[in-house]
Amino acid sequence: MPPAAAVSPPATPPAAPAPPPAARPANVAPSPVREIPALTARPEVILLVTTGSQQALTLLATALLEPGDVVLVEDPCSLAALQAFGFAGARAVPVPTDDDGILPEALDEIAARERPTLLYVVPTFQNPTGRTLPAARRAAVAEAAARHGFWIAEDDPYGELRFEGEPVPNIAGLPAALPEGSRWNRPEGGMFVWATLPGGRDAGALLATAIGHDVAYVPGAPFYAGTPDPASLRLSFTTHAPDEIAEGLRRLAEAFA
Ligand SMILES: Cc1ncc(COP(=O)(O)O)c(C=O)c1O
């Protein structure tokens, strides 16, 4: 399939537009512009502007996948991605993960067995787990792709939402909110904390109780392409101010009591 859009430097750069009048108040820092390697790389690197990840994934699935093709996904994985691959008729095969994301050895084994066309991965502050893949594992994933000949679709909607070194008040309140024996991670950015309840509790079944206390979360089970973990849940910490999050956690503690 021909590329929908290709980036190549124009022979004669277009005249630069006149700078706009300063609309930004002096005390507001300009937004940081991330240097995207693809934009500064070789002319044959393809750039396609889409209206979000979901559209990009749908186009990617249409271009690269035939019905029945295997797509490897982290387990659990973003729901939006599972839907896009499902619509293309692909089979999502889960790759086991731990607290640092995808397990390279498992990826290697599964790739040898399943002959995947594509690996879909959110390596930084993943949805739903907030996990980040360490550099060594990224290299191992790239090597596996080269060895087995599959594409990698790297989705990075959260990489710039890094807050390392700053206080994370919502996570600090979790011990009081979740039942004793719960586990959760501490992402250094992104939008999500991934938690697991103890003693066979079902986060999906408990959601109605939580809503009864005017607080909600996303049960984790639907994010799994493989066997779901009913005790898992996703908590988002981006929309609300710290005092609202504290109140939400207080309500969650009541709901889980
Ligand atoms: C990892 C990931 N990819 C894609 C999407 C969909 O993104 P968009 O709203 O840009 O289509 C989401 C949204 O939750 C997401 O978390």
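A residue is counted here as near the ligand if its C-beta atom, placed from the backbone, lies within 6 Å of it. In this predicted model, the residues around the ligand are G52, S53, Q54, S78, A80, A81, V122, N127, D155 and P157. Sorted by class, this shell holds four nonpolar residues, five polar ones and one charged residue. Two helices stand out as contributors, since α2 (53–64) and α3 each provide at least two residues of the shell.

The pair of helices that helps to line the ligand is a good place to continue. Helices α2 and α3 pack with their axes 9 Å apart and at an angle of about 30°. Angles under 35 degrees count as roughly parallel, and α2 and α3 are therefore roughly parallel to each other. Their crossing is right-handed. On the α2 side the contact is made by S53, Q54, L57, T58 and A61, which meet A80, A81, A84, F85 and F87 of α3. By class, this contact comprises seven nonpolar and three polar residues, with no charged residue. Readers following individual side chains may like to note that S53 and Q54 of α2 and A80 and A81 of α3 take part in this contact, and that S53, Q54, A80 and A81 are also listed around the ligand.

Next comes the sheet on which α3 rests. Four strands, in the order β2-β1-β5-β6, form an open sheet with parallel pairing. Its edges are β2 (91–95) and β6 (151–154), each of which pairs on one side only. On average, neighbouring strands of this sheet are turned by 25° against each other, direction ignored. Helix α3 (residues 79–87) packs on the sheet and touches β1, β2 and β5 (118–121), and its direction makes about 175° with that of β1. Within the sheet, β1 (residues 70–74) pairs with β2 in the parallel sense over five bridges. One residue pair can be picked out by eye: E74 has V95 in β2 as its bridge partner. A further helix, α4 (residues 104–114), lies across β1 and β2 and runs at about 150° to β2.

The model also has a second sheet, this one with antiparallel pairing. Again four strands form an open sheet, here in the order β7-β8-β10-β9. The edge positions belong to β7 (183–184) and β9 (218–219); each has a single partner strand, so one side of each is left without a neighbour in the sheet. Strand β8 (residues 192–196) and strand β10 (residues 232–236) are joined in the antiparallel sense over five bridges. Among the residues involved, A195 has L233 in β10 as its bridge partner.

Finally, another helix pair deserves a look. Helix α8 (residues 203–212) and helix α9 (residues 242–256) pack at an angle of about 120°, and their axes are 9 Å apart. The helices α8 and α9 are therefore oblique to each other. In passing α9, α8 makes a right-handed crossing. The contact brings L206, T209 and A210 of α8 to L252, A255 and F256 of α9. Five of the residues in this contact are nonpolar and one is polar, while none is charged.

Definitions and conventions: Residues numbered from 1 in each chain as written. Predicted model: local features only at pLDDT ≥ 70, side-chain atom pairs only at ≥ 80, totals over all residues. Pairing = 2+ DSSP bridges. Axes fitted to C-alpha atoms, helices over the stretch in contact; angles between N-to-C directions. Contact = placed C-beta atoms within 7 Å. Nonpolar A, V, L, I, M, F, W, Y, C, P; charged D, E, K, R; others polar. Parallel < 35°, antiparallel > 145°, perpendicular 65-115°, else oblique. Left-handed = near helix turned anticlockwise from the far one by under 90°.
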